[in-house]
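The exercises below ask you to read a chain of residues together with its fold. Try each task on your own before you follow the solution.

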Amino acid sequence: MTAPYVKTTTENQIQTIEFFHPAHNSLPGDILAQLAQAITDAGNDDATKVIILKSGGERTFCAGASFKELIAIDDAQTGEKFFMGFANVINAMRKCPKFIIGRVQGKTVGGGVGVASATDYCFATKFASIKLSELNIGIGPFVVGPAVERKLGLSGMSQIAINANEFYSPEWAQQKGLFAEVYESTEAMDEAVQKFAENLCNYNPEAMKHMKEMMWSNCNHWDTLLAERAKISGKLVLSEFTKKTLKRFK
């Protein structure tokens, strides 16, 4: 079994950040920390003009929070720290001065929807259904909610957050603004992602930096907001309802 990883490669001013976990690309705390750091480093790298964010494997982009770690949480402080992992990744993406292109090859759930939503331009395949499943286990998409709402609008975010059992199609996600383009195959998507990234490298980096600042200008309070949301999730994960539900996944 391949070990979890976050790896970066740079070619022709395009830096690709890839994460992987054998449990459907779920995100435990150490992988979240590495991901946030990799995004920050790429943003500070003068040799990088554009960032591609992707995951390993074929059919799942990201299964969200690591259930193994969720089950192990036994106090509010540990819970808050775990959910701050997602907050830190989203805030790193928001603050990164370079455009981040998302490459979503398959299903994405919970925190994974938040990560996809925090990209600046997102490509997907016809297999990339999305689901916000947090309510199913007694919590809610509190930390990722602002990023998802920013892309889908309040109505779209509310719909998938309340209907927590349902996978929504990539076509629905495209109509709502999460995915810019949806492809029939991973190969076709990868070709389009590469072409798009190469084209962005021809633009003025200063112009792109200012554009990114403009597009995220209403989100400067997210350091505080997402920390407050992490506290809510950290408490709820200790609830009797959640503990009972998570036992099923042991």
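Helices (H or I, at least four residues) and strands (E, at least two) are DSSP runs, and they are numbered from the N terminus. The structure is a predicted model, in which local features need pLDDT of at least 70 and side-chain atom pairs count only at pLDDT 80 or more, while totals for chains, interfaces and linings use all residues. Residues are numbered from 1 along each chain as its sequence is written, and side-chain values use heavy atoms, with hydrogens and water left out.

**Exercise 1. Describe the chain as a whole.**

Step one is to count the elements: the chain holds ten helices and nine strands. Step two is to compare its radius of gyration, taken over C-alpha atoms, with the globule rule, which is 2.2 Å times the number of residues to the power 0.38. The radius is 17 Å, close to the 18 Å that the rule gives for 250 residues, so the chain is as compact as a globular protein of that length. Step three is to look at the extent, where the C-alpha atoms fill a box of roughly 55 × 40 × 35 Å along the principal axes.

**Exercise 2. Work out the surroundings of strand β2 (residues 14-20).**

Begin with the term: a residue is buried under 20% relative accessible area, exposed over 50% and partly exposed in between, using a 1.4 Å probe and protein chains only. Seven of the seven residues of β2 are buried, so the strand is largely enclosed by the rest of the structure. Next, consider directions, remembering that in a regular strand the side chains alternate between the two faces of the sheet. I14, T16, E18 and F20 point one way from β2, whereas Q15, I17 and F19 point the other way.

Now find the partners, where two strands pair if DSSP finds at least two bridges between them. Strand β1 (residues 5-11) pairs with β2 in the antiparallel sense over seven bridges, and T10 stands opposite Q15 in β2. These two strands form a hairpin with two residues between them, and N12 in the turn has a positive phi of about 50°. Strand β3 (residues 50-55) runs parallel to β2 and is joined to it by six bridges, with F19 opposite S55 in β3.

**Exercise 3. Which element gives the largest share of the lining of the largest pocket, and which gives the most to the second largest?**

Start from how the space is found: on a 1 Å grid over the protein atoms alone, a pocket is an open set of points where a 1.4 Å probe fits, with protein on both sides within 12 Å along at least five of seven lines, and lining residues have an atom within 4 Å of a point. The largest pocket has about 560 Å³ of space. Of its 33 lining residues, A63, A65, F67, L70 and S133 are the closest to its centre. The largest share of this lining, four residues, comes from α2.

The second largest pocket has a volume of about 220 Å³, and 13 residues line it, of which G29, D30, E69, K81 and F82 lie nearest its centre. Two or more residues of this lining come from each of α1 (29-44), α2 and α3. The most comes from α3, with six residues.

Notes
Points joined across faces, edges and corners; volume = space filled by probe spheres on them.
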